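Work through the exercises below with the sequence and the structure side by side, and try each task before reading its solution.

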Amino acid sequence: MSIVVRSARPDEVEQSRRLRLEMLAGSPDSFNERLDDLERWPTSRWASRLTSSLAPDSTLLVAEVGGVWIGQAAGRLYAHYDPFRAYVLAVYVAPAHRGTGIAAALVSGIADWATRQGTDRLWLDVHEDAGPARALY
């Protein structure tokens with residue numbers, strides 16, 4: 001099966017939830033949330049989170065195989081900086097698919113999105129203990 005990288009859709013709440021919980025279970029030090037907190041979220045909160053990721057100042061790209069999300073990367077504009085900044089956020093690829101270029105394709109997609117927003121620079125923050133993420137960037 002081929003891997004498809006595309007924008008997430010508002011009706012994909014369950015896919016978003018499943019991948020985020022997988023992200024936190026596998027890389028608890030890489031993201032600013034705790035798995036046990038998010039496991040208790042109701043569906044409405046997951047829907048709100050996804051809607052926020054698809055707002056005009058944001059994007060959420062996913063990599064999928066056969067309709068199953070295997071990776072993601074988010075982008076968000078922060079207008080309180082002058083000039084504004086485009087951040088790449090929450091990059092994740094499932095372990096079985098790492099080293100295949102998916103993360104690079106996702107980040108490239110975020111860079112293309114940022115260019116369309118009017119900036120030629122991406123910003124990101126990486127936790128000092130997130131070795132795989134630091135190696136990628």
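Three exercises follow, on the sheet, on a buried charged residue's surroundings and core, and on the aromatic rings.

This is a predicted model, in which local features need pLDDT of at least 70 and side-chain atom pairs count only at pLDDT 80 or more, while totals for chains, interfaces and linings use all residues. Residues are numbered from 1 along each chain as its sequence is written, and side-chain values use heavy atoms, with hydrogens and water left out.

**Exercise 1.** Find the order of the strands in the open sheet, and say which strands stand at the edges.

*Solution.* Begin with the strands, which are DSSP runs of E with at least two residues, just as helices are runs of H or I with at least four, both numbered from the N terminus. Two strands pair if DSSP finds at least two bridges between them, and here 5 strands form an open sheet of mixed pairing in the order β1-β2-β3-β4-β5. Next, look at the edges, where β1 (3–7) and β5 (122–123) each have a single partner strand, so one side of each is left without a neighbour in the sheet. Finally, turn to β3 and β4, which run antiparallel and are joined by 7 bridges.

**Exercise 2.** Describe the surroundings of Arg6, and then those of its contact Leu60 in the core.

*Solution.* Arg6 is found in strand β1 and has a relative accessible area of 15%, so it counts as buried (under 20%; exposed is over 50% and partly exposed lies in between, with a 1.4 Å probe and protein chains only). Its side chain makes polar contacts (N or O atoms within 3.5 Å, one able to donate a hydrogen and the other to accept it; residues adjacent in sequence count only if both atoms are side-chain atoms) with the side chains of Glu12 at 2.4 Å and Glu64 at 3.0 Å. Arg6 is also in contact (heavy atoms within 4.5 Å) with Leu60. Leu60 and Leu106 have the most contacts inside the largest nonpolar core, which has 33 residues (buried Ala, Val, Leu, Ile, Met, Phe, Trp, Tyr and Cys joined through side-chain atoms within 4.5 Å). The largest share of this core, 7 residues, comes from α4.

**Exercise 3.** Classify the ring pair of Tyr78 and Tyr87.

*Solution.* Rings of Phe, Tyr and Trp (its six-membered ring) pair if their centres lie within 6.5 Å, and planes under 30 degrees apart count as stacked, over 60 as edge-to-face and the rest as tilted. A search of the whole structure finds 2 aromatic pairs. The centres of Tyr78 and Tyr87 are 5.2 Å apart and their planes stand at 80°, so this pair is edge-to-face. Tyr78 is partly exposed at 26% relative accessibility, whereas Tyr87 is buried at 8%, and ring pairs link both of them with Trp123 into a cluster.

Note on methods. Lists of a residue's contacts leave out its neighbours within four places in sequence.
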